[in-house]
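Student: I'm new to this one. Could you show it to me, and then we'll go through it together?

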Amino acid sequence: MQETNKILLTKDDMTNPAVVPEWVIHEYNTFHQIVTNDTFPCYFGMKAEKKGELRYAYITKEDWSNLPNAVEEFLMLFVEPPYVRHGLFVFVEPEEEKNDIDLYRKRFWEILQYLHENDKQKWPDNKPKDPEHYLWDFHFGGEPIFVFGNAPAYKQRKTRNLGNSLILGFQPRKIFEGLEGTQKGGIMSREKVRKRVEKWDKLPKHPDISHFGDPDHNEWKQFFIGDDVEPIQGECPFQYKGQ
């Protein structure tokens, strides 16, 4: 019998049938094997997974209601410094048949929209609400968060394929302190990771990948990049709920 009161999950929870359903165990094991591979490009993620610093949640295709609480609980880990570089990975129940990138992207933005519409805290007054503004960032609980999508439809960008689930990664901006876009440490770290990504994917860096604060860049476009080298066209699906 599964425990129903655990929302924010640890590494041990993700393989415990008393806590999570069978599909979560299966998808987590695939995720773990990929992310802990010695050649996996994101060594921050690899290190955090090995040390048990990542946190997890899951949602079914029909029920997303525990997600806002899971993100709230996750953000409580960052109330006081020093900040451990925790990341949150949300597993979505797999589709019965694998779909194309467009479907997973659509689902990704629907989930973020749902999260936004169920946010108990107000969007900060001094932060852009329009995703076309170069300083726009996704906010939840008053905190800026970088969110990125991973899906089984990625065939070329293998670093974004972590199993049969659509998986949303959440990284609060706080964990990037000292690694910001214009900081020397941030530039060096990004370049190292990007070179490793290019080697894994056998593709050049996606044209929509940049750093936060780049005036020629839209942050939302790197939340769910294409499986190619073509810039994303069109407007962001996200709508600020006050509109």
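Tutor: Let's start with a definition: buried means under 20% relative accessible area, exposed means over 50%, and partly exposed is in between, using a 1.4 Å probe and protein chains only. Another one: helices (H or I, at least four residues) and strands (E, at least two) are DSSP runs, numbered from the N terminus. This is a predicted model, where local features need pLDDT of at least 70 and side-chain atom pairs count only at pLDDT 80 or more, while totals for chains, interfaces and linings use all residues. Residues are numbered from 1 along each chain as its sequence is written, and side-chain values use heavy atoms, with hydrogens and water left out.

Student: How many residues of β4 are buried?

Tutor: Strand β4 covers residues 143-150, which gives eight residues to look at. The strand is mostly covered, and the number buried is six.

Student: Which strand pairs with β4 over three bridges?

Tutor: Strands count as paired if DSSP finds at least two bridges between them. One partner of β4 runs antiparallel to it and spans residues 138-140. Two residues separate this partner from β4 in a hairpin, and G141 in the turn has a positive phi of about 60°. That partner is β3.

Student: Which residue in β4 does F138 stand opposite?

Tutor: F138 belongs to strand β3, and it is buried, with a relative accessible area of 0%. Across in β4, it faces I145.

Student: How many bridges join β4 to β5?

Tutor: These two strands run antiparallel. Looking at the residues, G149 is opposite L168 in β5, and N150 is opposite I167. The number of bridges between the strands is six.

Student: Is β5 largely enclosed or not, and how many of its residues are buried?

Tutor: Strand β5 takes in residues 166-172, seven residues in total. It is largely enclosed by the rest of the structure, because the number of its residues that are buried is six.

Student: Which residue in β5 is the bridge partner of L88?

Tutor: Strand β2 is made of residues 88-92, and it pairs with β5 in the antiparallel sense over five bridges. From L88, the bridge leads to F170.

Student: Do β1 and β2 run parallel or antiparallel?

Tutor: Five bridges join them, and one place to look is Y58, whose bridge partner in β2 is F91. The direction of this pair is parallel.

Student: Which residues point one way from β1, and which the other way?

Tutor: Strand β1 runs over residues 55-59, and five of the five are buried, so it is largely enclosed by the rest of the structure. R55, A57 and I59 point one way. Pointing the other way are Y56 and Y58.

Student: Now the rings. How many aromatic pairs does the structure hold?

Tutor: Rings of Phe, Tyr and Trp (its six-membered ring) pair if their centres lie within 6.5 Å; planes under 30 degrees apart are stacked, over 60 edge-to-face, and the rest tilted. F74 and F78 make an edge-to-face pair, 5.2 Å centre to centre with 75° between the planes, and both residues are buried. The total number of aromatic pairs is 23.

Student: Why is the pair of W109 and W220 edge-to-face?

Tutor: Both residues are buried. W109 lies in helix α4 (residues 101-117) and W220 in the segment after α5 (184-201), so the pair ties together parts that are 111 residues apart in sequence. The ring centres are 6.3 Å apart, and the pair is edge-to-face because the planes are at 70°.

Student: Which ring does the charged end of K129 sit over?

Tutor: A charge sits over a ring if NZ of Lys or CZ of Arg is within 6 Å of the ring centre and within 35 degrees of the ring normal. The charged end of K129 is 5.5 Å from the centre of the ring of Y240.

Student: Where is T36?

Tutor: T36 is buried, with a relative accessible area of 16%. Its C-alpha is 25 Å from that of T60, and the two are 24 residues apart in sequence. The place of T36 is the loop between α1 (22-35) and α2 (43-51).
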